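Reader: I'm new to this one. Can you walk me through it?
Author: Sure. Take a look, then ask away.

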Amino acid sequence: MTTAISRAFPSDFLFGAATAAFQIEGAAHEDGRRDSIWDAFCRVPGAVINADNGDVACDHYHRYRDDVALMKDLGLQTYRFSTSWSRVRPDGGAVNAQGVDFYKRLVDELLGADILPWLTLYHWDLPQALQEQGGWTNRDTADRFTEYALTMHDALGDRVNVWTTLNEPWCSSFLSYTAGLHAPGHYSVEEGVLAAHHLMLGHGQAVRELRSRDASLNLGITLNLTVAEPVDAADPADVDAARRIDGQFNRWFLDPIFRGQYPADIVEDIREVDAAAVAAWESAVRPGDLEVISTPIDTLGVNYYHGEYVGGHEPENPPIGGDAPTDRPGRSPYPSHEGIFWHERGLPRTPMQWEVQPEGLTELLQRVWGEYAQAAGTALYVTENGAAYDDELVVDGGEKRVHDADRVEFLRGHLGAILDAADAGVDVRGYFYWSLLDNFEWAWGYEKRFGIVRVDYDTQERTPKDSALEYSRIIGARALDVAGVGAAASA
């Protein structure tokens, strides 16, 4: 006999959804906002599918009240959003009161709906004027970021308690300055390592300054992390490939934050392929920088989408890559990538060719908790997790619906993986689905839909998908119902 098991979430577990300013706001040139690096990158021929841009996006700037009402209807307890540096301090310069006022209105709307505002200061939209001065390769940008962080605290410090400095600095350094796949689209190992360091420095400086203003703030950073698994754990070449991916993706950011040092093995790996880049980076890391970067944080946001299955030998049938098929070429974001090959392991894949591996999230949370966060007294939240599927809008019983069964399964599988981690002793306190809305997905443009709410980009009509309805049901029950089998299910 098959029985249902109800797995309850902790009483203080937060359920939310996430978005980012450039991806949803639109109003790109209204009320004093000026270009970010993504506005500029969208104009580069071949950089974004269909030459899409964020000029209108989901028009959230004008529709935020309706979007907050939708969040409330779904039962979301918290909303993770980012503020636009280009709206608040256009060109990195003076404060723009109209831009600040938008976020005041948004936060007031959230609080009025009893939704916790979870503010991210930087989700990749650096003012283009600062990029023209070197962007994140310029140490001064870390200081300008700290000024911007304090501007936002001046405006919202009385109403916002949770502050995330950066979202996914791996993307805004190596994917952007080394691989050329994201804005500003450069192809330089040296620029990538310099950008990564200055992003980390800006993070540490902002945490210190915000903490000095209000010791009660919940301060943290969000990292995109992965599980790098060797094809053959007994093959030294495969093990070394996994070590290098883990080091360049995970430890390059985790180690300075929690241990006050960069991973020495990865420094030497990069030195072997680009000694000049490492020399420039070593000159950029000044005395005291790592003490600033390792300033204690309250919260680490973990973004997880898929793992990496890698080896040191070229496979006969390599998997299809997951990068956007744009006309503009990209390079590897990993400075030390020679001799690393991705392999197929037979897992389900999304239409973006991203593996679906919920158990990888359990393993990742256990690793980050055991090796980094627990000793530091830092709580973990899954701040992004989601999947793009080829959704279709249908009329069902006279109502518009999106039957996204694959996303429902993805959502349930990863929530189950979080419960598995919690059962293993990990202090994981919340989950944010990516994304609340279908939106501008960077180099993919509007080609792929990650939302639990469908957006018709012509009319801006919002339609909650089956995944939104299922998520709402889980939130209401504060439990995940799963199928068990026989006596084992009732034990």
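Reader: Let's begin with strand β7. In which sense do β7 and β9 pair?
Author: Parallel. This is a predicted model, by the way. Strand β7 covers residues 228–230, and three bridges link β7 with β9.

Reader: Which residue of β9 is the bridge partner of Ala228?
Author: Glu308. Glu308 belongs to strand β9, residues 308–311.

Reader: And β10, how many bridges join it to β9?
Author: Two. Strand β10 is residues 341–342, and β9 and β10 run antiparallel. So β9 pairs with β7 in the parallel sense and with β10 in the antiparallel sense, given that two strands count as paired once there are at least two bridges between them.

Reader: Which residue in β10 is the bridge partner of Gly311?
Author: Phe341.

Reader: Which way do the residues of β9 point?
Author: Two ways. Glu308 and Val310 point to one side, Tyr309 and Gly311 to the other.

Reader: Why would a strand do that, with side chains on two faces?
Author: Because side chains in a regular strand alternate between the two faces of the sheet.

Reader: Are those four β9 residues buried or exposed?
Author: Buried, on both sides of the strand.

Reader: New topic. How many cavities of 30 Å³ or more are there?
Author: Three, from a search of the whole structure. The largest has a volume of about 50 Å³. The second largest holds about 40 Å³.

Reader: What lines the second largest one?
Author: Among the lining residues are Trp118, Trp163, Asn218, Ile221, Thr299 and Thr383. Strands β5 (162–167), β6 (218–224) and β8 (299–303) each give two or more residues to that lining.

Reader: Which element gives the most there?
Author: β6, with five residues.

Reader: How many of the residues in that lining are nonpolar, polar or charged?
Author: Five are nonpolar, seven are polar and none is charged.

Reader: Back to the largest cavity. What's the split in its lining?
Author: Five charged, three polar and three nonpolar. The lining includes Glu25, Arg33, Asp39, Arg87 and Asp125. Ala21, Phe22 and Ala28 are there too, and so are Gly26, Gly54 and Ser84.

Reader: On to the backbone. Where are the cis peptide bonds you'd point out?
Author: One runs from Ala183 to Pro184, with omega near 10°. Pro184 sits in the loop between α8 (169–178) and α9 (189–213). Another joins Trp434 and Ser435, and its omega is about 5°.

Reader: Where is Ser435 found?
Author: In the loop between β14 (428–434) and β15 (453–455).

Reader: Now phi. What is the phi of Ala57?
Author: About 50°, a positive value, although Ala57 is not a glycine. Ala57 lies in the loop between α2 (37–42) and α3 (60–74).

Reader: Is Ala57 buried or exposed?
Author: Buried, because its relative accessible area is 5%, and the cut-off for buried is under 20%.

Reader: What about Asp91, what's its phi?
Author: Near 60°, positive again in a residue other than glycine. Asp91 is in the loop between α4 (85–88) and α5 (97–112).

Reader: How does Asp91 count for accessibility, and why?
Author: Partly exposed, because its relative accessibility is 31%. That value falls between the limits of 20% for buried and 50% for exposed.

Conventions:
Residues numbered from 1 in each chain as written. Predicted model: local features only at pLDDT ≥ 70, side-chain atom pairs only at ≥ 80, totals over all residues. Heavy atoms only, no water. 1 Å grid on protein atoms, 1.4 Å probe; cavity = no way out; pocket = protein on both sides within 12 Å on 5 of 7 lines; lining within 4 Å. Points joined across faces, edges and corners; volume = space filled by probe spheres on them. Nonpolar A, V, L, I, M, F, W, Y, C, P; charged D, E, K, R; others polar. Buried < 20%, exposed > 50% of the residue type's maximum accessible area, 1.4 Å probe, protein only.
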